[in-house]
Amino acid sequence: MTSTAAVIGSTGLVGSHVLSTLLGLDAFKTIYTISRRAPKAESPKLAATVEADTTKWASNLSSITPPPPVVISALGTTRAQAGGIANQWKIDHDLNVELAKAAHAAGTKTFVFVSSAGARNLGSSQVPYSKMKVGVEDAIKSLDFEQAIILRPGIILGKREVEHTGGPLLNTLVRGLGAVAQGLQDRFGQDAEVIARAAVRATVLAAEGKAPSKYWTLEQSDIVKLGRDEWKS
């Protein structure tokens with residue numbers, strides 16, 4: 001396959017790994033990004049749009065010609081960074097839904113979304129963060145893409161430019177489990193690079209007609225399998 005893709009959230013922890021992974025594959029000839037600041041990655045294959053006004057992102061995505069057959073969104077923020085739950089909802093939920101709608105209207109065939117483990121667990125409907133993720137998942141499913149891929153990682157391991165509250169401690173604790181047994185770490189968290197690789201690998205498999213379903217959900221064990229155990233660069 002030779003394809004193009006667009007990455008939303010390309011400057012974040014997972015999204016930056018998605019971008020670098022795609023850039024390293026011959027199967028993708030052009031990678032588009034839309035972000036508030038320029039990605040750190042550099043490549044002749046990279047077509048980056050830097051737009052501080054997120055209300056313009058959907059139109060930026062719609063204006064890509066021809067439309068990318070694949071759009072991967074690892075877009076997300078925190079309540080602290082956004083300045084409150086209402087502002088976080090605008091990014092994590094509203095903007096993701098708007099971008100999914102724009103992608104579908106433009107003719108994108110495969111939409112990939114990095115969600116979160118536990119989004120649909122008992123009691124999660126009362127948790128704002130889970131409600132955001134579930135809302136986006138449901139919107140993607142209702143749009144009826146030819147292929148939708150949802151990843152639900154656990155604690156995302158890796159160093160962020162702006163650390164989440166308690167993030168470094170959680171990283172240390174989960175990696176400590178890995179020192180005891182890798183399987184213990186895998187149950188609770190996955191490296192950002194592994195999550196990104198799983199997203200890309202699932203995208204390639206879908207293009208080869210190997211997706212198990214039209215709406216494919218990758219739980220933590222699936223992410224580890226595709227992004228680490230079976231990964232081939």
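What covers the buried residues of helix 4? In this predicted model, the cover includes strand 1 (3–8), helix 2 (57–62), strand 4 (70–73), helix 3 (79–82), strand 5 (110–114) and helix 5 (128–143). The buried residues themselves are Gln88, Ile91, Asp92, His93, Leu95, Asn96, Val97, Leu99, Ala100, Ala102 and Ala103. A helical pattern helps in reading such a list: an α-helix has 3.6 residues a turn, so residues three or four places apart point the same way.

Helix 4 itself runs over residues 85–106. At 1.5 Å a residue, its 22 residues should span 32 Å, and the C-alpha atoms at its ends lie 30 Å apart, which agrees. Helix 4 also has a kink of about 30°, centred on Asp94. After helix 4 comes Gly107, with a positive phi near 110°.

Strand 1, one of the elements covering helix 4, offers a residue to look at in detail. Thr4 sits in this strand and counts as buried because its relative accessibility is 13%, under the 20% cut-off. Beyond its neighbours within four places in sequence, Thr4 touches Phe28, Lys29, Thr30, Tyr32, Pro68, Pro69 and Val70.

Further along the chain is a pair of packed helices. Helix 8 (residues 192–207) and helix 9 (residues 220–229) have axes 7 Å apart and cross at an angle of about 90°; the two are therefore roughly perpendicular to each other. From helix 8, Val194, Ile195, Arg197, Ala198, Arg201, Ala202 and Leu205 meet Ile223, Val224, Leu226, Gly227 and Arg228 of helix 9. Sorted by class, this contact has 8 nonpolar, 1 polar and 3 charged residues.

Conventions. Residues numbered from 1 in each chain as written. Predicted model: local features only at pLDDT ≥ 70, side-chain atom pairs only at ≥ 80, totals over all residues. Heavy atoms only, no water. Axes fitted to C-alpha atoms, helices over the stretch in contact; angles between N-to-C directions. Helix = DSSP H or I, 4+ residues; strand = E, 2+ residues; numbered from the N terminus. Parallel < 35°, antiparallel > 145°, perpendicular 65-115°, else oblique. Contact = heavy atoms within 4.5 Å. Nonpolar A, V, L, I, M, F, W, Y, C, P; charged D, E, K, R; others polar. Expected span 1.5 Å × (residues − 1). Bend = angle between axes of the 7 residues up to and from the residue. Buried < 20%, exposed > 50% of the residue type's maximum accessible area, 1.4 Å probe, protein only.
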